[in-house]
Amino acid sequence: MIPRVKGTQDFIDCTLFNFIIDAIKKQCATYHFTEIQTPILESVDLFHRSLGIYTDVVSKEMFIIESRQSSFAKASEDREGDEDRICLRPEGTAPTVRAFNEHHIQTIPWKVFSYGPMFRYERPQKGRFRQFHQVTMEIIGSGSVGEDVQFITMLDRFFHETLHINSYALVINFLGCTQDRQAYLEILKKFMDSPAVTEKICAQCTERKKHNIMRIFDCKNPQCQEIYRNAPHIADNLCAECATEWQTLQKQLTLLSVSHVYRPTLVRGLDYYNKTVFEFVSKNLGAQDTFCGGGRYNQLVKQLGNKDDMPAIGAAFGMERLMLLLEPLRDQLNIPHPPALHMIIPMAPAQHTTALLLGDELRAHNICTDILFEGSMKSMMRKASKSGAAYALIIGETEQQSRTVMIKNMTTGTEQSVAQIDVVAMLKK
Ligand code: HAM
């Protein structure tokens with residue numbers, strides 16, 4: 001047996017997955033988002049330029065595909081081949097921005113969502129996969145803090161009111177504008193350069209200090225965490241305009257009854273963020289406790305080639321983590337039941353044609369129908385019962401000759417002989 005690839009999953013039952021997708025589609029439509037789809041394959045360069053080369057996703061976790069073109073380029077030492085390198089997308093924001101730029105979208109703000117598989121070469125554990133699914137929602141072309149509030153409210157209402165999840169917290173932070181960030185990086189560097197800090201932090205933090213200093217706050221090492229308790233926070237070092245936006249954000253979220261907690265160390269793992277950042281976290285998930293994350297990325301659209309600056313905000317939630325949270329709440333969700341199954345049982349091959357014709361007729365009237373072609377009467381009845389059939393429609397030699405069907409109600413066990421031309425009318429009653 002060849003097993004599935006490490007870090008991937010089979011969905012044998014897609015009910016919950018499809019329920020979430022249907023629900024978020026409705027929620028997004030209500031908030032004036034439209035659906036888009038972008039390819040799973042993108043150029044490596046897109047993520048180098050957007051997520052940043054020192055982020056974990058780009059430096060360690062990319063699934064890069066050795067395409068025919070790039071191996072040919074390598075063989076012929078053609079350096080241009082490197083620019084054509086392709087990968088399996090690790091996230092959906094950069095592809096959405098690429099699509100926005102490439103299609104010269106003029107309808108602004110552009111509010112779109114998409115969903116599908118993402119790929120990161122991470123160490124698999126509970127809630128962490130190498131192929132996982134995200135729903136990505138992006139708003140390109142609006143810089144107002146009101147947009148942030150409306151967007152975060154949409155997500156909070158979705159998790160809380162539509163999906164009935166109570167066991168989560170919304171954590172928020174404000175990373176300021178480019179100038180704030182530059183100034184803060186100097187302040188943080190000064191703190192990190194003090195011997196009391198340099199000598200005590202772990203090797204990973206020493207490395208992050210060089211290339212991606214704000215990510216030190218994500219370190220799980222208790223000694224490092226203790227040290228960073230005294231670190232300066234970016235939200236305390238904002239310019240006047242950003243400080244006002246940060247206050248407005250918190251005030252308006254409170255007004256809309258969106259509970260939130262300020263987490264000064266929340267920096268998010270990707271380079272493109274500024275100003276508002278947020279995560280929805282749940283203790284019920286274990287170590288991988290974030291099921292949705294996002295924030296503003298006001299520079300990314302220009303950085304990826306647009307001639308104009310275009311403020312933007314977005315978020316993505318992970319389907320696998322959301323499903324982990326929802327599994328115990330299944331009964332509270334309005335998951336639609338599958339339609340009642342009608343199982344046709346021809347007793348011998350001589351009745352197969354009649355069974356096929358009857359099945360065709362039933363399906364034309366949207367009656368969920370299947371036919372069992374193999375096995376003894378007893379084993380076919382057992383199969384019908386195991387597959388949860390509501391009715392068995394038995395056709396033996398007698399029924400074939402008299403143009404009737406024996407309809408057995410699988411719940412009550414009652415049987416009734418019905419003329420074949422009356423079956424649909426009887427079942428539709
Ligand atoms: P992210 O925080 O990297 O953000 O991922 C968003 C969500 O995807 C996470 O909160 C988690 O639920 C899920 N996720 C990430 N990695 C894995 C994994 N290995 N296994 C299972 N689930 C995972 C982004 O991707 C940004 N593009 C979000 C965004 C959109 N920001 C602005 N717009």
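Q: Two strands count as paired if DSSP finds at least two bridges between them. Given that, what makes β15 and β16 a pair?

A: This is a predicted model, and in it strand β15 (residues 404–409) and strand β16 (residues 415–419) share five bridges. The cut-off is at least two bridges, so they count as a pair. The sense is antiparallel. One match to look for is Met406, whose bridge partner in β16 is Ser417.

Q: What stands out in the hairpin of β15 and β16?

A: Five residues sit between the strands, and Gly413 takes a positive phi near 85° in that hairpin.

Q: Why do β1 and β5 get called a pair?

A: β1 and strand β5 (residues 110–119) have two bridges, and the rule asks for at least two, so they pair. These two run in the parallel sense. Thr34 stands opposite Val112 in β5.

Q: What makes β1 and β8 edge strands?

A: Start with the sheet: it is open, has eight strands and follows the order β1-β5-β6-β11-β10-β9-β7-β8, with mixed pairing. β1 (34–35) and β8 (261–262) each pair on one side only, which makes them the edges. In general, strands of a sheet pair through backbone hydrogen bonds, either parallel or antiparallel.

Q: How do you know that Glu91 makes a polar contact with the ligand?

A: A polar side-chain atom of Glu91 lies 2.6 Å from a ligand nitrogen. The limit for a pair of N or O atoms is within 3.5 Å, so this one counts. Phe129 gets there with its backbone: an N or O atom lies 2.8 Å from a nitrogen atom of the ligand. For Gln134, a polar side-chain atom sits 3.0 Å from an oxygen atom of the ligand. As for burial, the ligand taken alone exposes 650 Å², and the protein buries 96% of that.

Q: What makes up the shell around the ligand?

A: A residue belongs here if one of its heavy atoms lies within 4 Å. The ligand has 26 such residues around it, and Glu91, Thr93, Glu122, Glu138 and Tyr273 are the closest. By class, ten are nonpolar, nine polar and seven charged. β6 (131–140), β10 (290–296) and β11 (312–318) each supply at least two shell residues. The largest share is that of β10, with six residues.

Q: What lines the second largest pocket, and how much space lies in it?

A: About 540 Å³ of space lies in it. The lining has 28 residues, and nearest the centre are Arg181, Gln182, Leu185, Asn212 and Asp271. Two or more lining residues come from each of α8 (178–193), α10 (203–211) and α13 (300–303). α8 gives the most, with six residues. By class, the lining has eleven nonpolar, nine polar and eight charged residues. Rolling a probe the size of a water molecule over the atoms shows where empty space is left.

Q: How do you know which peptide form joins Ile108 and Pro109, cis or trans?

A: Look at omega: at about 0°, the bond between Ile108 and Pro109 is cis. Pro109 is in the loop between α6 (93–102) and β5.

Q: What is notable about the phi of Lys275?

A: The phi of Lys275 is positive, about 50°, although this residue is not a glycine. Lys275 is in strand β9 (residues 274–281).

Methods. Residues numbered from 1 in each chain as written. Predicted model: local features only at pLDDT ≥ 70, side-chain atom pairs only at ≥ 80, totals over all residues. Heavy atoms only, no water. Polar contact = N/O pair within 3.5 Å; in protein donor to acceptor, adjacent residues only side chain to side chain. Areas by Shrake-Rupley, 256 points an atom, 1.4 Å probe, with all protein chains shown as cover. Helix = DSSP H or I, 4+ residues; strand = E, 2+ residues; numbered from the N terminus. Nonpolar A, V, L, I, M, F, W, Y, C, P; charged D, E, K, R; others polar. 1 Å grid on protein atoms, 1.4 Å probe; cavity = no way out; pocket = protein on both sides within 12 Å on 5 of 7 lines; lining within 4 Å. Points joined across faces, edges and corners; volume = space filled by probe spheres on them.
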